[in-house]
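I am opening a notebook page for a structure that is new to me, and I want to write down what I look up in the order in which I look it up.

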Amino acid sequence: MIKKALLGTSLLVGLGTAPAFAAPDVVVSIAPLHSLTSAVMKDVATPTLLIEGVQSPHSFSLKPSDASKVQNADIIFWISPDLESFLPKSLASLNPNAKSVTMDALIDHADTHEKHDDDKDHDHEHDHKHEDTHADEKHDDHKHEPANDTHTHDEHAHDDDHHHHHDKDPHIWLNTEHAIEMVEKIEHALVEADPDHAETYKKNAHELEERLESLDKELEKLLTPIKDKPFFVFHDAYGHLQEQYKLNVAGTVSVSPNQTPGAKRIKEIQHSLAEKNVVCVFSEPQFKAKMVQTIIEGTSVKTAELDPLGADIPAGPDHYETMMRALATTINGCLSQ
């Protein structure tokens with residue numbers, strides 16, 4: 001919890017210097033979002049990552065050490081009940097007073113844009129003008145503010161085996177334009193909770209947004225040459241990446257990240273691979289890769305591993321950019337052969 005960091009209080013008071021205040025205790029659910037948050041909090045504090053390693057947020061459950069992280073948090077950044085299905089009840093029972101900040105509104109906002117791609121620029125301007133009515137008037141470093149998704153924790157009911165259809169894809173971080181919107185939302189929440197460090201948060205967010213714009217150009221160079229080549233992904237997680245770079249995602253291996261395809265489904269996939277001239281099938285480290293090997297056996301289809309969470313990449317401010325470059329490089333490599 002937030003505590004006043006009184007360093008030599010009597011001396012500071014005697015010198016007429018105001019005491020420093022500690023930053024809020026921030027917990028972030030997944031590594032890509034943690035990376036963006038870490039970059040915004042640079043030179044102030046280091047947020048805590050909740051889901052580490054190759055664990056999938058779809059099937060994650062809190063250990064006692066994880067519960068302690070949640071209990072001690074002032075702010076918790078996470079994506080959506082459609083991704084971290086364990087969190088709403090956990091927050092309600094462990095820390096109902098924490099400031100809970102999700103990306104739900106950004107997901108809906110992004111999916112609306114993707115459905116109306118021809119009107120994308122117009123809708124983008126319109127939606128953010130509307131959101132600005134809720135913004136802090138003093139917070140004018142950016143053109144727009146993200147919608148406020150702070151909410152109570154019992155608002156969302158969730159089916160653990162929910163299939164993430166393209167019209168409600170929670171993997172919003174796999175698109176640098178949406179990542180910039182997430183950075184703005186993170187910045188706004190931190191400035192509101194910790195005005196003592198507001199200028200640092202704003203400066204860091206601005207620098208990060210510039211890097212993400214440059215990253216977008218890098219990824220476009222990698223992905224444009226292979227954008228028409230058809231490929232399969234393990235589960236329905238790449239809609240936002242597909243939309244940004246017009247990739248040819250021809251299908252998915254699994255109908256749900258928590259379900260293993262049966263023999264009938266595998267035959268259907270093999271038929272689709274041949275019918276659609278699929279070049280590559282991508283597995284993920286969070287799920288069994290052996291299944292992909294079974295599917296492509298006896299075909300000329302190649303395989304490679306995509307990690308939408310960057311499990312092998314060290315957590316921290318550089319994680320997100322490194323992960324996105326790795327994804328684009330892997331896709332390019334498998335489809336270019």
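The entries below begin with one helix and its packing, and then turn to a few single residues.

**Entry 1: the model.** I note at the outset that I am working with a predicted model, and I number the residues from 1 along the chain as its sequence is written.

**Entry 2: helix α2.** I looked up how far helix α2, residues 31-40, is covered, and found that ten of its ten residues are buried, so α2 is largely enclosed by the rest of the structure. The buried residues run through Ala31, Pro32, Leu33, His34, Ser35, Leu36, Thr37, Ser38, Ala39 and Val40. I then asked what covers the buried residues of α2. The cover includes the strands β1 (26-28), β2 and β3 (75-77), together with the helices α7, α8 (198-223) and α12. I followed two of these helices, α7 and α12, further.

**Entry 3: α2 against α7.** Helix α7 spans residues 176-193, and its axis and that of α2 come within 10 Å, crossing at roughly 55 degrees. An angle of this kind is neither under 35 degrees nor in the range 65 to 115, and α2 and α7 are therefore oblique to each other. I also recorded that α2 passes α7 in a right-handed crossing. On the α2 side I listed Leu33, Leu36, Thr37 and Val40, which meet Ala179, Met182, Val183, Ile186, Glu187 and Leu190 of α7. Sorted by class, this contact has eight nonpolar residues, one polar and one charged.

**Entry 4: α2 against α12.** For helix α12, residues 319-336, I found axes 7 Å apart from α2 and a packing angle of about 135 degrees. That angle makes α2 oblique to α12. Here Ala31, Pro32, Ser35 and Leu36 of α2 meet His319, Tyr320 and Met323 of α12. By class I wrote down five nonpolar residues, two polar and no charged ones for the contact of α2 with α12. Going back over my lists, I see that Leu36 is named in the contact with α7 and also in the contact with α12.

**Entry 5: two positive phi angles.** Moving on from α2, I looked at Asp43, which sits in the loop between α2 and β2 (48-49). Its phi is near 75 degrees, a positive value in a residue other than glycine. Is Asp43 buried or exposed? With a relative accessible area of 70%, Asp43 is exposed. I made a matching note for Asn277, in the loop between α10 (263-275) and β7 (280-283). The phi of Asn277 is near 55 degrees, again a positive value in a residue other than glycine, and at 59% relative accessibility Asn277 counts as exposed.

**Entry 6: Asp66.** I next looked up Asp66, which belongs to helix α3, residues 64-72. Asp66 is buried, with a relative accessible area of 2%. Setting aside its neighbours within four places in sequence, I found Asp66 in contact with Leu50, Phe60 and Ser61.

**Entry 7: Lys246.** My last lookup was Lys246, in the loop between α9 (239-245) and β6 (249-252). Its relative accessible area is 41%, and Lys246 is thus recorded as partly exposed. The side chain of Lys246 reaches the backbone oxygen of Glu243 at 3.4 Å. I also compared Lys246 with Glu220: the two are 26 residues apart in sequence, and their C-alpha atoms are 9.9 Å apart in space.

Key
Predicted model: local features only at pLDDT ≥ 70, side-chain atom pairs only at ≥ 80, totals over all residues. Heavy atoms only, no water. Axes fitted to C-alpha atoms, helices over the stretch in contact; angles between N-to-C directions. Helix = DSSP H or I, 4+ residues; strand = E, 2+ residues; numbered from the N terminus. Parallel < 35°, antiparallel > 145°, perpendicular 65-115°, else oblique. Left-handed = near helix turned anticlockwise from the far one by under 90°. Contact = heavy atoms within 4.5 Å. Nonpolar A, V, L, I, M, F, W, Y, C, P; charged D, E, K, R; others polar. Buried < 20%, exposed > 50% of the residue type's maximum accessible area, 1.4 Å probe, protein only. Polar contact = N/O pair within 3.5 Å; in protein donor to acceptor, adjacent residues only side chain to side chain.
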